[in-house]
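This note is for a colleague opening the model for the first time. The points below deal with strands, how they pair, and what packs against them.

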Amino acid sequence: MSSTQDGLEGTPVRATAAQMAQIKQRAAILSVMATLLLTGAKIVGAILSGSLALLTDALQGLIDVGSTLFTWFAVRVSDKPADDEHHYGHGKVEALAALVETAILFTLAGAILWEAGNRLWTGLIETVSVTPIVIGIMLLSMVVDAIRWRSLTRVAKETGSEALAAEATHFSADFVGSALVLAGLIGVWYGVARADTIAAFAIAAFTALSAYRLGRRTIDTLLDAAPKGVSERLREGAEGVPGVVGVNWLKVRPTGGRIHGEIGITVSRTLPLERVAAIREALTAEFERIEPGAEIAVTTDPVQVDDETALERVLLIALKLKIPVHHVSVHTIGQRLSVSLDMEVEARLTLGEAHEIATRLEAAIRDEFGGETEVETHIEPMETGAPAGHDAAWETVEDIGKALASETATAKGPIHDIHNVRVRQTLNGLVVNYHCRVDPALDVASVHAAVDQIERAVRIARPQVCRLVSHAEPTIAGPAS
């Protein structure tokens with residue numbers, strides 16, 4: 001069973017973690033059953049033929065039964081979720097199974113070498129009986145080993161299982177061993193008396209080589225060696241995520257077929273928390289695309305970026321101190337920076353308490369820009385809650401609308417087509433909202449200045465207006481909105 005399947009549009013859909021676990025466990029149990037079958041057949045063949053090579057292959061099969069059972073157990077345990085004692089899960093159990101498999105292969109290679117060397121040293125030549133039944137057993141063994149080798153290699157690659165990869169390596173040794181046994185039997189058939197013993201030596205050599213390769217890979221896993229090329233791909237992907245200024249460090253290690261790790265990235269210190277959280281989510285999605293199933297913890301480090309403006313720095317200081325500010329103006333006076341702003345505080349605070357807050361804010365701004373920085377704060381009462389209000393009478397709305405239209409005509413500026421006028425009566429006075437039209441090619445600063453001029457004139461002419469909010473729209477053909 002493959003870990004991917006075609007979707008409605010032919011797009012591969014990756015199997016879930018539960019499906020991966022089922023695939024691994026089914027492959028492991030099938031391996032156990034095949035090993036039991038082949039081991040029994042090889043023992044029968046060894047008894048019938050008297051072949052040392054076949055006998056060592058059969059003894060290896062007995063060991064295989066234990067190793068495949070251990071692999072099946074390791075695969076089941078490795079899929080358990082993390083708990084209070086194993087915060088990163090149980091994936092390393094598969095590496096432990098692979099290490100046991102390595103020890104078994106080395107031990108088996110040593111035993112075969114010992115017996116084959118003893119036969120050569122003593123000059124003992126065993127009579128080997130080559131029959132069609134024995135040849136058939138070896139051919140069957142090679143076919144089954146080839147199927148297991150191929151299927152376990154595929155499943156191990158799809159699921160990232162180290163235990164199944166070790167088992168596949170074991171069965172590759174079994175396949176080659178069976179082929180060498182067959183070659184030895186054929187040599188005996190043609191009268192080469194030592195062919196069976198020579199085949200046993202070759203089996204031992206190949207088994208030892210397989211054990212070395214498997215052991216080297218397993219030790220790298222147990223020592224948390226970074227998989228080749230993974231960190232480079234993850235770093236490149238992280239640097240391409242919008243909002244990531246740079247990558248400070250990246251640590252990855254394989255565990256149970258998955259990649260675990262940590263990454264530290266730098267982001268602009270002026271970003272709001274919501275934006276930083278969005279960057280982290282985008283980074284996680286990119287890692288999943290590059291290395292499916294990877295679990296990378298993300299740490300963000302806010303830094304000052306090169307294009308950060310003085311205004312952004314002032315707003316960031318106020319944000320950190322949790323002091324609402326607005327109307328922030330930053331100017332350069334000669335070699336000195338001048339900052340002025342409106343600061344909002346609780347209306348119930350005394351002036352002395354409010355002044356202490358202002359002093360703390362001013363000191364923080366001077367620490368950021370230098371002690372010679374000029375800072376002026378205007379203290380305002382903060383409006384808390386939602387004061388009650390209601391729509392003003394139609395006569396009032398009409399009067400305010402005429403006043404806006406009159407001042408617009410008098411100013412002879414870019415503002416025209418006053419519409420959608422709404423007036424609300426509040427405890428503090430009238431709040432006026434209106435829309436107007438402006439040439440879309442005009443810059444924002446010029447539009448703001450023209451609107452301010454009209455609003456100042458209206459407030460002078462209508463003192464009951466406490467606030468005007470204008471919404472400037474580009475001039476378009478058709479009716480006003």
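In what order do the three strands of the open sheet stand, and what is the pairing?

1. The model is predicted. Its open sheet has the strand order β6-β7-β8, and the pairing is mixed. The edges are taken by β6 (325-333) and β8 (374-382); each has a single partner strand, so one side of each lacks a neighbour in the sheet. From one strand to the next, the twist averages 15°.

2. Within this sheet, seven bridges link β6 to strand β7 (residues 336-346), and the sense is antiparallel. Opposite I333 stands R336 in β7.

3. Helix α9 (residues 310-320) packs on the sheet and touches β6 and β7. The direction of α9 makes about 135° with that of β6.

4. A further helix, α10 (residues 351-369), lies across β6, β7 and β8. Relative to β7, helix α10 runs at about 150°.

5. Further along the chain, strand β9 (residues 389-391) pairs with strand β10 (residues 416-426) over three bridges, in the antiparallel sense. For G389, the bridge partner in β10 is T426.

6. Strand β10 also pairs with strand β11 (residues 429-438), again in the antiparallel sense, here over seven bridges. What joins β10 to β11? The connection is a hairpin through two residues. T426 has G429 as its bridge partner in β11, and T426 is also the partner of G389.

7. As general background, strands of a sheet pair through backbone hydrogen bonds, either parallel or antiparallel.

How values were computed. Residues numbered from 1 in each chain as written. Predicted model: local features only at pLDDT ≥ 70, side-chain atom pairs only at ≥ 80, totals over all residues. Heavy atoms only, no water. Pairing = 2+ DSSP bridges. Helix = DSSP H or I, 4+ residues; strand = E, 2+ residues; numbered from the N terminus. Axes fitted to C-alpha atoms, helices over the stretch in contact; angles between N-to-C directions. Contact = heavy atoms within 4.5 Å.
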